[in-house]
Amino acid sequence: MDRLTTEHRSWLMSRVKSKDTQPEMIVRRLLFSLGYRYRLHIKDLPGSPDIVLRSRRKIIFIHGCFWHGHNCKYGRPPKTKLEFWKDKIEKNRIRDSQNLKKLDELDWKCLDIWQCETRNLQTLSEIVKNFLSPQ
């Protein structure tokens with residue numbers, strides 16, 4: 001059972017940011033420290049990607065585990081209004097998949113970084129370096 005009233009829970013959830021989140025800032029600081037320069041939230045690309053490296057034609061999406069349904073301890077659905085959240089998260093996953101397909105058709109390479117992956121900077125750094133290295 002939720003300890004908050006429906007109105008207070010709604011207000012609280014409306015305050016969740018979609019830009020400049022903590023996981024996004026971790027990835028941005030890492031990229032900058034590695035010497036990469038990038039653009040943020042380019043609206044003319046499908047999905048308005050979090051990080052765009054135009055010269056390399058590479059994109060990085062940073063997903064919140066809860067909001068995008070990651071299979072980890074942070075991606076668990078809440079115990080109340082289960083049908084609502086399942087539907088919402090599934091729509092997010094479908095939209096993510098459609099955006100990745102559109103970007104692939106436009107010849108962009110994409111990397112999804114999950115919120116839980118930002119907790120280990122060494123591993124995250126290796127993932128990012130491997131993705132951005134010339135191939």
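Start by colouring the model by pLDDT, the predictor's confidence in each residue, from 0 to 100: in this protein it is lowest in helix H1 (residues 6–14), at a mean of 73, and highest in S4, at 97. Where pLDDT is low, predicted coordinates should not be read in detail. Across the protein the average is 90, and 94% of the residues score at least 70.

Two notes before we move on. This is a predicted model, so local features need pLDDT of at least 70 and side-chain atom pairs count only at pLDDT 80 or more, while totals for chains, interfaces and linings use all residues. Residues are numbered from 1 along each chain as its sequence is written, and side-chain values use heavy atoms, with hydrogens and water left out.

**The whole chain**

Switch to a cartoon view and you'll find 5 helices and 4 strands. Helices (H or I, at least four residues) and strands (E, at least two) are DSSP runs, numbered from the N terminus. Follow the chain along and the pattern reads α-α-β-β-β-α-α-β-α. The C-alpha trace spans about 50 × 30 × 25 Å along its principal axes.

**The sheet**

Now select the strands. They make an open sheet in the order S1-S2-S3-S4, with mixed pairing; two strands pair if DSSP finds at least two bridges between them. Strand S1 (39–40) and strand S4 (109–114) are at the edges with a single partner strand each, so one side of each has no neighbour in the sheet.

Next, pick S3 (residues 58–63). S3 runs parallel to S4, joined by 6 bridges, and antiparallel to S2, joined by 3 bridges. Click on Ile60: its partner in S2 is Ile51, and it also stands opposite Leu111 in S4. Ile62, meanwhile, stands opposite Ile113 in S4. Between S2 and S3 is a hairpin with 4 residues in between, where Arg57 in the turn has a positive phi of about 55°.

Is S3 covered or bare? It is mostly covered, as 6 of its 6 residues are buried (under 20% relative accessible area; exposed is over 50%, partly exposed in between, with a 1.4 Å probe and protein chains only). Side chains in a regular strand alternate between the two faces of the sheet. Here Lys58, Ile60 and Ile62 are on one side, with Ile59, Phe61 and His63 on the other.

**Helices across the sheet**

Show H4 (residues 82–105), which lies across S3 and S4 at about 175° to S3. Angles run from 0 to 180 degrees between N-to-C directions, using axes fitted to C-alpha atoms, for helices over the stretch in contact. H4 has 24 residues and reaches 35 Å from its first C-alpha to its last, close to the 34 Å expected at 1.5 Å a residue (1.5 Å times one less than its number of residues). Highlight its buried residues: Trp85, Ile89, Asn92, Asp96, Asn99 and Leu103. Just after H4, look for Asp107, with a positive phi of about 65°.

Then add H5 (residues 121–132), lying across S2 (51–53), S3 and S4 and running at about 175° to S4.

**Last stop: His41**

Zoom in on the loop between S1 and S2 to find His41. His41 is buried, with a relative accessible area of 13%. What does its side chain make a polar contact with? The side chain of Glu24, at 3.0 Å. (A polar contact is a pair of N or O atoms within 3.5 Å; within protein, one must be able to donate a hydrogen and the other to accept it, and residues adjacent in sequence count only if both atoms are side-chain atoms.) Not counting residues up to four places away in sequence, His41 touches Lys19, Glu24, Ser48, Pro49 and Asp50, where contact means heavy atoms within 4.5 Å.
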